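Colleague: I would like to go through this model with you. Could you bring it up?

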Amino acid sequence: MTALPLITSRASMRLAAPALLAAAMLIPASAQARPAVVELFTSQGCSSCPPADALINEVAPRDDVIALTYNITYWDYLGWRDTLGREEHTARQEAYAQHFMDRKYTPQLVIDGETHMPGSRQQASRKAINDQVDSVKGPEILVTAPTDTGLAITADATTSTQTAAVWLVQYDVAHEVMITRGENAGETITYSNVVRDIIRLDDWDMSKPLSIDLAKDMLMQGNHDGCAIIVQQAGDYGVGKVLTAARIDMALMN
């Protein structure tokens with residue numbers, strides 16, 4: 001499995017951004033609960049994937065869900081090279097396969113790092129997402145505050161002794177792709193919240209306070225439309241149950 005980049009130096013992430021102010025506050029789904037994280041592993045070369053892609057288009061606008069699309073690369077040999085595919089996405093799916101002790105497949109829908117299912121089964125997937133949203137309880141544990149150099153992300157120490165992976169996910173809100181070869185030849189498919197970069201910011205010892213300083217320049221790199229923070233049990237593979245998650249409001253950063 002390809003390792004994703006790990007950033008452990010908090011000081012190295014400090015870049016000048018005095019105009020940030022309260023701009024990039026993390027947005028919880030509500031005052032009561034965090035949003036559920038829904039990750040779809042898909043491919044433009046997979047004929048079973050369009051229904052799952054449509055499902056993500058449906059749930060992406062919801063405030064109570066962070067829906068993310070990861071285009072993988074291992075079906076590129078079938079006649080169409082996925083224009084949004086990245087090896088990092090394939091590596092993340094492989095990590096989930098190890099975590100779940102199961103195979104990887106497309107379209108694979110991973111819900112809050114706890115369960116997975118074929119995203120092409122729209123009705124069952126929609127119910128699973130809604131059930132997870134209903135089951136998420138407790139206040140948002142991440143706290144953010146503007147600094148002279150960017151955005152501070154903090155959390156108090158907890159009673160847990162586990163390690164959590166803290167991920168920064170940068171994505172584009174939508175890509176429309178005309179596919180001319182392969183299993184979906186002739187189709188034009190819209191993909192929502194397409195992940196372009198995913199960075200492992202820290203491994204958080206949850207028995208200690210969390211403190212990460214993100215610079216505005218880092219968040220704006222690549223001119224992506226959206227960013228999210230995902231904190232999940234690290235386990236042996238860097239992925240697991242999502243403990244908390246939040247969006248960063250990119251529009252307010254301009």
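Modeller: What follows covers the overall fold, one helix, some strands and the cysteines.

Modeller: This is a predicted model, in which local features need pLDDT of at least 70, side-chain atom pairs count only at pLDDT 80 or more, and totals for chains, interfaces and linings use all residues. Residues are numbered from 1 along each chain as its sequence is written, and side-chain values use heavy atoms, with hydrogens and water left out.

Colleague: How many helices and strands does the protein chain have?

Modeller: The protein chain has four helices and twelve strands. Both are DSSP runs numbered from the N terminus, with at least four residues for a helix (H or I) and at least two for a strand (E).

Colleague: And what share of the residues is buried?

Modeller: Of the 254 residues in the protein chain, 51% are buried. Buried means under 20% relative accessible area, exposed means over 50%, and partly exposed is in between (1.4 Å probe, protein chains only).

Colleague: Let us turn to H3. Which of its residues are buried?

Modeller: Helix H3 covers residues 122-135, and its buried residues are Ser 125, Ile 129, Gln 132 and Val 133. Seen down the axis of H3, these fall within an arc of 100°, so they line one face of the helix. The arc is that of the directions from the helix axis to the C-beta atoms.

Colleague: What do they pack against?

Modeller: They pack against helix H1 (50-59) and strands E2 (36-42), E3 (65-71), E4 (108-111) and E5 (115-118). The face of H3 turned away from the buried side carries the exposed residues Gln 123, Lys 127 and Asp 134.

Colleague: Why is strand E10 described as largely enclosed?

Modeller: Five of the six residues of E10 (residues 210-215) are buried, so the strand is largely enclosed by the rest of the structure. E10 pairs with strand E7 (residues 150-155) in the antiparallel sense over six bridges; pairing requires at least two bridges found by DSSP. Leu 151 has Leu 214 in E10 as its bridge partner.

Colleague: Where does Ala 174 lie, and is it buried or partly exposed?

Modeller: Ala 174 lies in strand E8 (residues 163-178) and is partly exposed, at a relative accessible area of 43%. Its C-alpha atom is separated by 5.5 Å from that of Tyr 191, 17 residues apart along the chain.

Colleague: Lastly, how many disulfides are there?

Modeller: The structure holds zero disulfides, a disulfide being a pair of cysteine sulfur atoms within 2.5 Å. Cys 46 is buried at a relative accessible area of 7%, and Cys 49 is buried at 0%.

How values were computed: The expected span of a helix is 1.5 Å times one less than its number of residues. Contact means heavy atoms within 4.5 Å.
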